[in-house]
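Let's take a friendly walk through a protein model. Have a look at the picture first, and then read on for a guided tour.

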Amino acid sequence: MKVSGDDCGFWQWGTGALETLAVVATMNKDDNVTPICFLVDEEMADSFSGENDMVMFSPCKKQSGRRLRTRTLDWCRMLERSQEPVSLRRPIKFAMARKLGFIVVLLAVTSIYEAVAIFHPISESHRSAALELFSPAVGSFSSLEEAYEALITFEVLGLKKPEIKDHTCNSVVDTLSSPSSNSKDLHHAFRVNGLLKCKISTGDLTGIVSRLKDAVKDATTLLDYYHSIGGLVLIKDQNPEVDVFLGNADGILRSIKALSQSDGRWRYSSNNPESSTYAAGLALETLSGVISLSATPVDENLIGTLKKDIVKLFDSIKKYDDGAYYFDDKLIDASGHQGPLSATSAVVRGLTTFASASGSLNIPEEKILGLARFLLGIGIPGNSKDLYYQIDALSCLENNRVSVPLVLSLPATVLSLTSKDKLKVKVNTVLGSAGPPLSVKLMQVFSSGSKDASVLKQELNYDPKEGIHTMDALPEGVDVGEYIFAFEIVLSDPEHKKIYATGGRTKVPIHVTGVVTVDNAKIALLEGDVLESEIKLDLPGKNDAAVSANHLQKLHLSFLLKTPLGKPFKPHQALLKLRHETGVEHIFVVGNSGKRFEMTLDFLGLVDKFYYLSGQYNIELSVGDAVMENSFLQALGYIELDLPKAPEKSTHPPPQPADPYLRYGPKAEINHIFRVPEKRPPQQLSFTFLGLVFVPFLAFLIGLLRLGVNLKNFPTSAVPATFAILFHGGIAAVLLLYVFFWWKLDLFTTLKALGVLGIFLMFSQPLLLRRLRHCHHHPFHFRSIIILELISYRIYKLRRVYISVYELWGSWIADFPGIIFVDLGLYCKRVYSKITQ
């Protein structure tokens, strides 16, 4: 697929393997295929299709999705700073692309960037995500565990807690007072109570403590120890007056230690041979609780053995190229699948709590800082559970007795030489708090594509109001391009080295942008090696060159690119495009020889590639780079080519793809022809026939009078009259139901109502007949009952006849219901005559 300049400027997108964030395409230069990486959103990726796609940008190494996310924002900021965005013809195109979500980010990295990444402390984005992910449903959370995760996350991030205290405290009290609550339920209840401060009496706590101590004695699995010991530790913190101390702490420690493995991981139970890193984190937290609840000093040899297990556990830690450390867990059991985030979070919490209870641990600060980098490098998790794991682990690292990591970050990694931007550096804890007194030094500057580095050791100026270390001017010799700045944090107080982890030198990628000048731009026509004509070009600027050539001539283009410091500049892409008046396009890569960019098109060797199409070709030159603020797509003019006629077996031009944006244009008008209305009789005839319909009804009433139907023999006693009214009312309701069935009801609704009325009649009719059995002088009732039942059946049969006639003759027999009254009158007369015989 070839996308025109109106759509995406001079880009041509590849259709390599689509991933969530990255698209891998190919660059064809001198028949060499090189992988190219850039970012698109999913909607834009779905619109790419076709073959022979090509992207012209510098090659990049294979990058993981996590690192692609990390670098995306920096490249977005860099493109927004450009006066003419790299991927678009005019700046307004870039704004429109942002609105449509078609943001394209180029990631051109060399091998020197593999171990470089930027980490930022917790930001407002995490707070916004917490408010969205931890929103209580119907004013409360589904469980106390979910409520605790939400409340502790809000507390760590400094957010206002939702108004759920009354409902949640009621759940806490009910759980603590329920004798069926197990140690897990009690543990979660006390965790929530520590945040909401619910009203719990000391007497209730005494009974709960006894239950939890019994649970510790009867515990057989790691989770049993974890919840019961955790509940006792929370009671101790919330109400120190209650006696929660354990008399046999050494024995409990050895029972838990029996579940450990030689590699530092733990098992959930003695019956399960599989070990887990997540379980190791739970075990360390449980062991710290036992130490804090011990009534007597714990055996130091046992604590030393546990510390050795922690060192073994850290021997199995994994590492990314950017210095991030993490623990992985592939065990699947009753506790569910535990991934790197949950396993790392559990180990961090267990490590910090164990250090608080037993003393400092000998863990290298590089690994502590690496754990912080992993937790910060994952960005913002997409679900509430992962966000809780991330924030909980970072809060444990914020203040611990092992080592507090300090994070060096840059508010902006794209600096403009044109606007003379200052280099700014921040040093904070993982949660964004201010660090101790320190200084930041710029030690080295690495240039892209070069292993040589300039040694500076220049200290940045500190602004106490803003809390930012700044450098007013970039180091001498820094030109447009990509660099690696190596910083070093120096603590003012030597004693702070035992408390804080700085990680030595921190390498940060910096992109320096500027305006690149174009000199000596020329387009020439050659006859062999002889110059026929030459036209000077103004780049970037308005050009209208007109050239005529045949297949025996050549087209030559040349220009120079210089940086603000006057050095030669090699952009990521320099393309020359010739577009025929039929829409067929041909793109050529402009190579560079030394300082000059030039290329020659020999039309004799290109006639087959041009499909022997003579006529006018528009000439466009595109020069772009991520650090080039004045990237351009410039029309140079046109060339009139006179090529020989195509041979019979020559390749035909490919069909031009339809513009994908045409589907959003106006559609053809739809002309709908409605059906001609059917002919109907005059209105006077309809009203006349309507009046005639009521004539049979009058005949029906007269027929009832002739039959002698009356109410003279209707029961007068209270009980028989009541039964008679109920029964006759039920019959009338059935007849009325038939009318509604004819008028609007469907069959299923009618059957439901008829079932209810049938049950009523089934009980009311025997009661009426039992009363009438002793009243032989009331034959009216038997006759009226039989007549009414027969009439209802006759109406049902007539409706079936009407449906058949209506389907046969249509609307001309629409007044057929009037025939019912005539038929019923004659029918009742025959029935009555038979009954009275």
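## Two pairs of helices

The crossing of helices α8 and α10 is left-handed, a word used when the near helix is turned anticlockwise from the far one by less than a right angle, with right-handed kept for clockwise. Helices (H or I, at least four residues) and strands (E, at least two) are DSSP runs, numbered from the N terminus. Before going further, please keep in mind that this is a predicted model, in which local features need pLDDT of at least 70 and side-chain atom pairs count only at pLDDT 80 or more, while totals for chains, interfaces and linings use all residues. Residues are numbered from 1 along each chain as its sequence is written, and side-chain values use heavy atoms, with hydrogens and water left out.

Helix α8 covers residues 183-196 and helix α10 residues 222-238; they pack at an angle of about 30 degrees, with their axes 8 Å apart. That makes α8 roughly parallel to α10; angles under 35 degrees count as roughly parallel, over 145 as roughly antiparallel, 65 to 115 as roughly perpendicular and the rest as oblique. Axes here are lines fitted to C-alpha atoms, for helices over the stretch in contact, and angles run from 0 to 180 degrees between N-to-C directions. Among the residues making the contact (heavy atoms within 4.5 Å) are His 187, Phe 190 and Arg 191 of α8, and Tyr 226, Leu 234 and Ile 235 of α10.

Helix α11 (residues 249-257) packs against helix α13 (residues 300-315) at about 25 degrees, and their axes are 11 Å apart. These two helices are therefore roughly parallel to each other, and their crossing is left-handed. From α11, the contact uses Asp 250, Leu 253, Arg 254 and Lys 257; from α13, Leu 302, Thr 305, Leu 306 and Asp 309 take part.

## Nonpolar cores

Which residues touch the most other members of the largest nonpolar core? They are Trp 266 and Phe 314, in a core of 100 residues. Helix α12 (residues 277-293) gives this core its largest share, ten residues. Another core lies apart from it and has 43 residues, including Ala 574, Ile 619, Leu 621 and Phe 632.

A nonpolar core is a set of buried Ala, Val, Leu, Ile, Met, Phe, Trp, Tyr and Cys residues joined through side-chain atoms within 4.5 Å. Buried means under 20% relative accessible area, exposed over 50%, and partly exposed in between (1.4 Å probe, protein chains only). In soluble globular proteins, nonpolar side chains tend to be buried together.

## An enclosed strand

Strand β14 (residues 438-447) is largely enclosed by the rest of the structure, because eight of its ten residues are buried. Two strands pair if DSSP finds at least two bridges between them. Strand β14 runs antiparallel to strand β18 (residues 481-491), joined to it by nine bridges, and Gln 444 stands opposite Ala 486 in β18. Strand β14 also pairs with strand β15 (residues 453-459), in the antiparallel sense, over five bridges. There, Lys 441 has Glu 459 of β15 as its bridge partner.

## Two open sheets

One open sheet has five strands in the order β22-β21-β24-β28-β27, with antiparallel pairing. Strands β22 (530-536) and β27 (591-593) stand at its edges with a single partner strand each, so one side of each has no neighbour in the sheet. Three bridges link β27 to strand β28 (residues 596-602), and Gly 591 is the bridge partner of Glu 598 in β28.

A further open sheet of five strands follows the order β23-β30-β29-β25-β26, with mixed pairing. Its twist averages 25 degrees from one strand to the next. Strand β23 and strand β30 (residues 632-642) pair in the parallel sense over six bridges; Val 547 has Ile 639 in β30 as its bridge partner.

## Unusual backbone spots

Most residues other than glycine have a negative phi, and most peptide bonds are trans. Lys 457, although not a glycine, has a positive phi of about 55 degrees. Lys 457 belongs to strand β15 and counts as exposed, at 54% relative accessibility. Tyr 612 also has a positive phi, near 55 degrees, and sits in the loop between β28 and β29.

Where does Pro 540 lie? It lies in the loop between β22 and β23, and a cis peptide bond joins Leu 539 and Pro 540, with omega about -15 degrees.
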